[in-house]
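Biologist: I would be grateful for a close look at the site where the ligand is held, followed by an account of the empty spaces in the protein. Please write for a student in the first year.

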Amino acid sequence: MGDSKFLIAGNWKMNKTIAEAKEFAAKFRGMMPDDGDGVAIVAPFTQLQALKEAFSGTKVMIGAQNVHYEASGAYTGEISVKMLKELGVDCCVIGHSERRQYFNETDEALNKKLRVLLDSGITPILCVGEPLEVREKNEQMGFVGGQLFEDLKGLDPLDVRKIVIAYEPIWAIGTGKTATPEQADDMCGFIHSIVAGYCGDEAAAGLKVLYGGSMKPGNAEQLLRQEGIHGGLIGGASLSPESFCDICDIAAKLNRE
Ligand code: PGA
């Protein structure tokens, strides 16, 4: 997971060809701080091998954006944990709101995905977050608490602390509308307290809770300075090596403070 107290994960979503990923990697490798410690790039399946090669010998982690919970079989279009392991994938985002919304990724499936990822040693980055109508009714804690309750159900408490949890309010994703640092910190602290209730304060001490939703160089420092926020899941601003590196530089600076 690296030594940095922050994890800055770029979520490329359905963007970039292999050639474009290589071009990004060549530029980013030349400018990233601390040999890429505490940095992850979460890319489409087709780019994973090229990215692993391009970042070999560095600390940059490479992640997938989905996985199937069955080991193999008749699941056309799906990718198993073993296939990700073979590529040396370090982490895997699951439960992103786009996948929950457009691809019917359910909490029940997420619970199974968490189990297979944890068994394989690939770090899950589990996304949770409320839609706007829930926030407007001020019911976001109950909503996110409910997602976590279902997603973490029955998992070994010693495993739960290995999960990275990303709080992404749906109304802030790709909208340019960021949660205020206080709103983000409140929820990230709440998530921490749920996990601490599940696996104990000591085990939860090293848990990483990220914020995601229109994080960019201009607002990253304020967000990352919040006590409960240990990094970011960055969509739009991770597509250019310059803006992604600016956010990584901010985290590296705060890490040294
Ligand atoms: P955004 O996306 O930074 O473009 O808002 C974040 C995400 O969906 O992970």
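Modeller: A residue is counted as near the ligand if one of its heavy atoms lies within 4 Å of it. In this predicted model, 13 residues surround the ligand. The closest of them are Lys13, His96, Glu168, Gly174 and Ser214. Sorted by character, the residues of this shell comprise 4 nonpolar, 7 polar and 2 charged.

Three of the contacts may be described one by one. The side chain of Lys13 places an N or O atom 2.7 Å from an oxygen atom of the ligand. For Glu168, an N or O atom of the side chain is likewise 2.7 Å from a ligand oxygen. With Gly174 the partner belongs to the backbone: a polar backbone atom of this glycine is 2.6 Å from an oxygen atom of the ligand. On its own, the ligand has 280 Å² of accessible area, and the protein covers 95% of this.

The empty spaces come next. Rolling a probe the size of a water molecule over the atoms shows where empty space is left. The largest pocket has a volume of about 400 Å³, and 14 residues line it. Lys13, already named as one of the residues closest to the ligand, is also among those nearest the centre of this pocket, together with Met14, Gln65, Arg99 and Phe103. Helix α4, which spans residues 97-102, supplies the largest share of the lining, 3 residues. By character, the lining of the largest pocket divides into 7 nonpolar, 4 polar and 3 charged residues.

The second largest pocket holds about 200 Å³ of space. Of the 15 residues that line it, Lys5, Phe6, Leu224, Gln226 and Ile229 lie nearest its centre. Its lining consists of 6 nonpolar, 4 polar and 5 charged residues.

A cavity, unlike a pocket, is a space in which the probe fits but from which it cannot get out. The model contains 1 cavity of 30 Å³ or more. The volume of the largest cavity is about 70 Å³. Phe6, named above for the second largest pocket, also lines this cavity, and other lining residues include Ser4, Ile8, Pro33, Asp34, Cys248 and Asn255. The largest share of the cavity lining, 4 residues, comes from helix α12, residues 241-256. In total, the lining of the largest cavity divides into 7 nonpolar, 3 polar and 2 charged residues.

How values were computed: Residues numbered from 1 in each chain as written. Predicted model: local features only at pLDDT ≥ 70, side-chain atom pairs only at ≥ 80, totals over all residues. Heavy atoms only, no water. Polar contact = N/O pair within 3.5 Å; in protein donor to acceptor, adjacent residues only side chain to side chain. Areas by Shrake-Rupley, 256 points an atom, 1.4 Å probe, with all protein chains shown as cover. Nonpolar A, V, L, I, M, F, W, Y, C, P; charged D, E, K, R; others polar. 1 Å grid on protein atoms, 1.4 Å probe; cavity = no way out; pocket = protein on both sides within 12 Å on 5 of 7 lines; lining within 4 Å. Points joined across faces, edges and corners; volume = space filled by probe spheres on them. Helix = DSSP H or I, 4+ residues; strand = E, 2+ residues; numbered from the N terminus.
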